[in-house]
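Work through the exercises below with the sequence and the model open. Try each task before reading its solution.

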Amino acid sequence: MGDNYSLRSYNNEQPNKLRLLIMLHNIGANESSKALTIKQISEWTRMEAPELEVQLNKLIELGYAQHFRSEEIDKYHLTIDGIRKVLSLYS
């Protein structure tokens, strides 16, 4: 990897679900009171809604994210396992 290897290039190589997991953590969607809508997540991540939904569903299947409905609006946030997964990447 050498000295030219940076976190930026590492992030560009990550699968979308891992990138999304990190982004959700970084923007603070880590509990139900801080859950975000697809539109809000899309604005932060610059991912298109259809791809975002696919990746969010993968995170939900892995137990890293959770979905719920509040006032007829779908919202998403990380689970404790999702937070642990992100933190393990930095250790």
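Three exercises on packing follow, each with a solution.

This is a predicted model, in which local features need pLDDT of at least 70, side-chain atom pairs count only at pLDDT 80 or more, and totals for chains, interfaces and linings use all residues. Residues are numbered from 1 along each chain as its sequence is written, and side-chain values use heavy atoms, with hydrogens and water left out.

**Exercise 1.** Find which elements give two or more residues to the largest nonpolar core.

Solution. A nonpolar core is a set of buried Ala, Val, Leu, Ile, Met, Phe, Trp, Tyr and Cys residues joined through side-chain atoms within 4.5 Å. Buried means under 20% relative accessible area (1.4 Å probe, protein chains only). The largest such core has 19 residues, and Leu20, Leu21, Leu24, Ile41, Leu52, Leu56 and Leu59 have the most contacts inside it. The elements sought are helices H2 (16-26), H3 (38-45), H4 (49-62) and H5 (80-90), together with strand S2 (73-78). Helices (H or I, at least four residues) and strands (E, at least two) are DSSP runs, numbered from the N terminus. H2 gives the most, with 5 residues.

**Exercise 2.** List the buried residues of H2 and state what they pack against.

Solution. Leu18, Leu20, Leu21, Ile22 and Leu24 are the buried residues. They pack against H3, H4, S2 and H5. After H2 comes Gly28, with a positive phi near 85 degrees.

**Exercise 3.** Is Thr79 buried or exposed?

Solution. Thr79 lies in the loop between S2 and H5. Its relative accessibility is 16%, so Thr79 counts as buried. Leaving aside neighbours within four places in sequence, Thr79 is in contact (heavy atoms within 4.5 Å) with Gly63, Tyr64, Ala65 and Gln66.

Note on methods. Buried < 20%, exposed > 50% of the residue type's maximum accessible area, 1.4 Å probe, protein only.
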